[in-house]
Each structure stands twice: as structure tokens, then as C-alpha cells.
Amino acid sequence: MSSIYSRRQPPNPGLGLTALALLLASCVPSPAGLAIDPLQAPTHPAPARVEATRGLPDPWTATPTYDPATPTTQPSPTPSPPPRSRFEGPTAIGTSVAGRPLEVYRFGNGPSQRLILAGIHGGYEWNTIALADELISYLRQNLEIVPPEVTLYILRAFNPDGAARSRSYAGRANENGADLNRNWPFDWARTWPPTGCWSYLPINGGTGPASEPETQALLRFLLAGHIEALISYHSAALGIFPGGHPPHPGSLRLAEAIAEVTDYPYPPIETGCTYTGQLADWAAQNGIAAVDVELSTHYSLDLEQNLRVLQVFLDFQPWVRSTQDQKTPAPH
Ligand SMILES: [Zn+2]
């Protein structure tokens, strides 16, 4: 059961549009501790698109793309509020099954928003979290490298329960035994053939698409915050995976840019695994340039390479369509 369904016809009656609208509505107003409200107007002049979607964002039609042709500065009859700071964090965008905060750091305050995410596979890929912490530290000391048009978020540990549980196989799933990279409402399946896939311990895609609180929190954040590009770090060794089936143009362009500054395999190594419910594929389907990047081992940070990836990601222009985008993506 891995059919790709229409964006307007989610297949699981347990998470229909009404339920998802309620889910999205539930993040407004913020619960205690949720300092980031992506639906809140930023204090800098906002793109017109933000105003137009301030109600309940529809995840099946949301197109979180930045249109550079849209004027971002409008004459205002009232004095503008002071610009928000260029650093904020940690801020919780939600909580895990066991109640641990999903912590996000923000760097810069520009209109083009993007996200680096680590630890989707918990303690089993603990080195991605260690890398995220290094990137956070580096950015705090070098905030000037964030271009004025960019806001970069880093979610350092998307599966904090798994990270706290184990640095081995038992640390991969969330507290419900779900794989948080198999729980997204794109080609979702509870189970999949083990051939070529990680199968050291029983694990599943959740009880339905976006059934897990971690997925729900990040889904809200990505759509309501109009994230345009994301990197999700994994380990280990398989390379750089652009999101989408087949890969979407923006995701391909981001993957190619990362491949130019790293020695990670690209196209990625195919193991014959059937991928279902993946974050990057769902994100690409929703207009986000999305890439999975696998570190070279289960213990290395590859910091030098990933500082180059950071610079590429900050310089990436999600809204530029190159001639490459017009070509049919090659299968990877
Ligand atoms: Zn992984």
C-alpha cells in the first residue's frame, strides 16, 4: 500500500481535511511555552502572501514559495515596529510523545525562511544532533553570514525521546515506536517491505499519516512559517537524496548545490528500499526545496564539509528557476 494520492484527497479518514484544519487551528493561539507563532505577523514588513494566508492555512494547497517580484516594503501610515532580533532560541514548536520540547533556533530575520533539521532518527543518528549543535554555535558567533533576506531555523533534535533512549538501534523510533521519517502524509504506509531498508528492530510509520505529535508540530511549523527550503540530516553514508517522486526541480537544484561542496554520494546509493511517508518527499510535494543529507558515518560530524553546506544553503535561492529545472529529473 504505497499509492500516491491526490493532495486534495488524503486517504486516511482519520486525518481528513477537517481534522487537519482543526489540527492547524490548534496551534493558534500558542500554548504555553510556544514562543514562536508562525502565523503571527513578523515585525518586519511582510510579503503580501503572508497576509493572504493568515487564516487557516490549507496544507493541501499551500505553496510556501517566495515571490521576489512581490514588493516587501509598503508605505505605512503608522510608524513601523522595531525589527525583530537576528537571533532567537531555543524556542519550542511543540513537544514529543514523552513531553520533551522540540527546540528551534532562529538566525536572521529575512523573508526567505528555511530550516535545517537533525535527529529525525533520534539517538541512532546522534551525530546529526551533535552537528546541529556545532552549526548553532558557529552561527551564534558568525551571525553576519546570514544574508539579510534569509531567516534560518535549526531544529536540533526532532526525535528527542529516541535521542534520550539510546545511541544504538533502540534510539531510532519515537516513543510510540514510529519512524518519524515514515509518518508524513505523502505515500504513507504503516509497514513496508524490509528489503534494502533499515530493519534491525521492529518499527512502523505510525497509526496514520501525521499521527505523531512531532510530525504534527513540524508540519504546522513548515506550512504556517512558509518554509521554502529544508535540509534533514541523517547518517550514514548513502548520500544526498532530493525530495519528491520523481525528485522535484527545487529539491534537485539544492541537492546538486550540496553535492558540489561535499564528497557525499550523489546521486545517492540505492539499496532497493521502498521509501514511504518521508519528510523530504512530503515537503517537496508542498513546494519546499527539500533534501536528505547523510553524514559519512554514524559518529563523524563532517564539520568542515557541513560548514560549506551551511553556506550553500544560506546562499540558495528557492525562487530561482534555472534551465535545469525545465529538464525532466533523472531517476536516482
Ligand atoms: Zn536516518
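**Group meeting: a mixed sheet and its helices**

Start with one residue pair: L115 stands opposite Y153 in β4. The model is predicted, so a word on ground rules. Local features need pLDDT of at least 70, side-chain atom pairs count only at pLDDT 80 or more, and totals for chains, interfaces and linings use all residues of this predicted model. Residues are numbered from 1 along each chain as its sequence is written.

Back to that pair. L115 faces Y153 across two paired strands, where pairing takes at least two DSSP bridges. The strands are β3, residues 112–117, and β4, residues 150–155. They run parallel and share six bridges.

Now the whole chain. It holds eight helices and seven strands. Both are DSSP runs numbered from the N terminus: helices are H or I with at least four residues, strands are E with at least two. Buried residues make up 44% of the 332 residues. Buried means 20 or more other C-beta atoms within 10 Å of the residue's own, exposed means 12 or fewer, and partly exposed is in between, with C-beta atoms placed from the backbone. Contacts come next: two residues touch if their C-beta atoms, placed from the backbone, lie within 7 Å. Of the contacts with a separation of 6 or more, 81% are between residues 24 or more positions apart.

The sheet. Seven strands form it, it is open, and the order is β1-β2-β4-β3-β5-β7-β6. The pairing is mixed. β1 (87–95) and β6 (240–242) are the edge strands, each pairing on one side only. From one strand to the next, the twist averages 20 degrees.

Two helices lie across the sheet. Helix α3, residues 126–141, lies across β1, β2, β3, β4, β5 and β7. It runs at about 130 degrees to β5. Helix α5, residues 213–224, lies across β1, β2 and β5, at about 130 degrees to β1. For angles, axes are lines fitted to C-alpha atoms, for helices over the stretch in contact, and values run from 0 to 180 degrees between N-to-C directions.

Next, a helix pair. α6 and α8 (residues 303–315) pack at about 145 degrees, with axes 9 Å apart. Which residues of α6 and α8 make the contact? A257, I258 and V261 come from α6; R308, V309 and V312 come from α8. Five of the contact residues are nonpolar, none polar, one charged. Here Ala, Val, Leu, Ile, Met, Phe, Trp, Tyr, Cys and Pro count as nonpolar, Asp, Glu, Lys and Arg as charged, and the others, Gly among them, as polar.

Stay with I258. It sits in α6, residues 249–261. It counts as buried because it has 24 C-beta neighbours inside 10 Å. Leaving aside neighbours within four places in sequence, I258 is in contact with I240, V291, V293, V309 and V312. I258 and N306 are 48 residues apart in sequence, yet 9.1 Å apart C-alpha to C-alpha.

Last, the backbone. Most residues other than glycine have a negative phi, and most peptide bonds are trans. G89 and P90 are joined by a cis bond, omega about 0 degrees. P90 lies in strand β1. H245 and P246 are also joined by a cis bond, omega about -5 degrees. P246 is in the loop between β6 and α6.

Then phi. D187 is not a glycine, but its phi is positive, about 55 degrees. A210 is not a glycine either, and its phi is positive at about 55 degrees. The loop between α4 and α5 holds D187, and A210 as well. Buried or exposed, D187? Buried, because 22 C-beta neighbours lie inside 10 Å. A210 is buried because it has 27.
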